[in-house]
Amino acid sequence: MRIGEVADKAGVSVRALRYYEEQDLLPADRSPGGQRHYPDTAVGRVRLIQQLYAAGLPSRVVRDVLPCVDSGEAHPALLDQLESERARIDQRITDLLDVRDRLDDVIAITRDPDADCSPMQ
C-alpha cells in the first residue's frame, strides 16, 4: 500500500506515518523511485500506535511494545513496565469516571435548580 492509502484508511496524516517510520514504529519498503510501500498490516499497526499514544505511552515504550505484539513474547523488565503503565491507565480511568460523575451532578443541578441534590444519607 502506498502512504496516502494507509493514511486514509487509518485516519491519520501522511506526516504522522513519516514520523512513525522515523521512530522505527512502522516499517516501509521503498520503490526504486523512493516511494514508500507498506504491508497490508500497516493500517492495523497504525491504529495500535494511535491507541498506545492516546493512552499516554511515549514513543520509546511503543517502540518496545510493538515487537512483542508481533512475536507474543516480552522480556520481564518490559512486562514490569507494561504492568506499571496499565496501573497508571486504570487510575486515569477511575479519575475520569469521578469527573464524569461530578459533571452529571452539575448537569442535574443546572437542569432542575429546585431539586434536592443533597447527598442521600
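**Figure 1. Overall view of the predicted model, with its surface and its elements.** The accessible surface of the protein comes to about 8,700 Å², and carbon and sulfur atoms hold 52% of that area. The model shown here and in the following views is a predicted one. Five helices and two strands make up its regular elements, and read from the N terminus their order is α-α-β-β-α-α-α. Along the principal axes, the C-alpha atoms fill a box of roughly 70 × 35 × 20 Å. The radius of gyration is 21 Å, whereas a compact globule of 121 residues would have a value near 14 Å. Of the 121 residues, 26% count as buried, and among the contacts with a separation of 6 or more, 49% join residues that are 24 or more positions apart.

**Figure 2. The span annotated as an HTH merR-type domain.** An unreviewed UniProt entry lists residues 1-68 under "domain: HTH merR-type". In the predicted model, this span is 59% helix and 6% strand, and the C-alpha atoms at its two ends lie 24 Å apart.

**Figure 3. Close-up of helix α1 and its buried face.** The buried residues of α1 are Ile-3, Val-6, Ala-7 and Ala-10. When the helix is seen down its axis, these residues fall within an arc of 100°, so they line one face of α1. The elements that cover them include α2, β2 and α3. Just after α1 comes Gly-11, which takes a positive phi of about 75°.

**Figure 4. Close-up of helix α2, with its buried and exposed sides.** Ala-16, Leu-17, Tyr-20 and Glu-21 are the residues shown as buried in α2. Seen down the axis of the helix, the buried residues of α2 fall within an arc of 140°, and they therefore line one face. The face turned away from this buried side carries the exposed residues Arg-15 and Glu-22. Cover for the buried residues comes from elements that include α1, β1 (29-30), β2 (36-37) and α3, while α2 is in turn among the elements that cover the buried residues of α1.

**Figure 5. Close-up of Glu-21 and the residues it touches.** Glu-21 lies in helix α2 and has a relative accessible area of 19%; because this value is under the 20% limit, the residue counts as buried. Leaving aside residues up to four places away in sequence, Glu-21 touches Leu-26, Ala-28, Arg-30, Arg-36 and Tyr-38.

**Figure 6. Close-up of Asp-24 in the loop that follows α2.** Asp-24 lies in the loop between α2 and β1, and its position is just after α2. Most residues other than glycine have a negative phi. Asp-24, although it is not a glycine, has a positive phi of about 60°. With a relative accessible area of 62%, Asp-24 is exposed, whereas Glu-21 in the preceding view is buried.

**Figure 7. Close-up of helix α3 and what covers it.** Helix α3 (residues 42-54) has 13 residues, and the distance from its first C-alpha to its last is 18 Å, close to the 18 Å expected at 1.5 Å a residue. Its buried residues are Ala-42, Val-43, Arg-45, Val-46, Ile-49 and Leu-52. What covers these residues includes α1 (3-10), α2 (14-22) and α4 (59-71). The helix is followed by Gly-56, whose phi is positive and near 100°.

**Figure 8. Close-up of Ile-89 in helix α5 and its partners far away in sequence.** Ile-89 has its place in helix α5 (residues 76-111). The relative accessibility of Ile-89 is 26%, and because this lies between the 20% limit for buried residues and the 50% limit for exposed ones, Ile-89 counts as partly exposed. When residues up to four places away in sequence are not counted, Ile-89 touches Ala-55 and Leu-57. Ala-55 is 34 residues from Ile-89 in sequence, yet the two C-alpha atoms are 6.9 Å apart in space.

Notes: Residues are numbered from 1 along each chain as its sequence is written. This is a predicted model: local features need pLDDT of at least 70, side-chain atom pairs count only at pLDDT 80 or more; totals for chains, interfaces and linings use all residues. Side-chain values use heavy atoms; hydrogens and water are left out. UniProt positions are given in the numbering used here, feature names are shortened, and annotations may be inferred rather than shown by experiment. Helices (H or I, at least four residues) and strands (E, at least two) are DSSP runs, numbered from the N terminus. The expected span of a helix is 1.5 Å times one less than its number of residues. Buried means under 20% relative accessible area, exposed over 50%, partly exposed in between (1.4 Å probe, protein chains only). Contact means heavy atoms within 4.5 Å. The radius of gyration is taken over C-alpha atoms; the globule rule is 2.2 Å times the number of residues to the power 0.38. Accessible areas come from the Shrake-Rupley method with a 1.4 Å probe; for residues, only the protein chains shown count as cover. The arc is that of the directions from the helix axis to the C-beta atoms.
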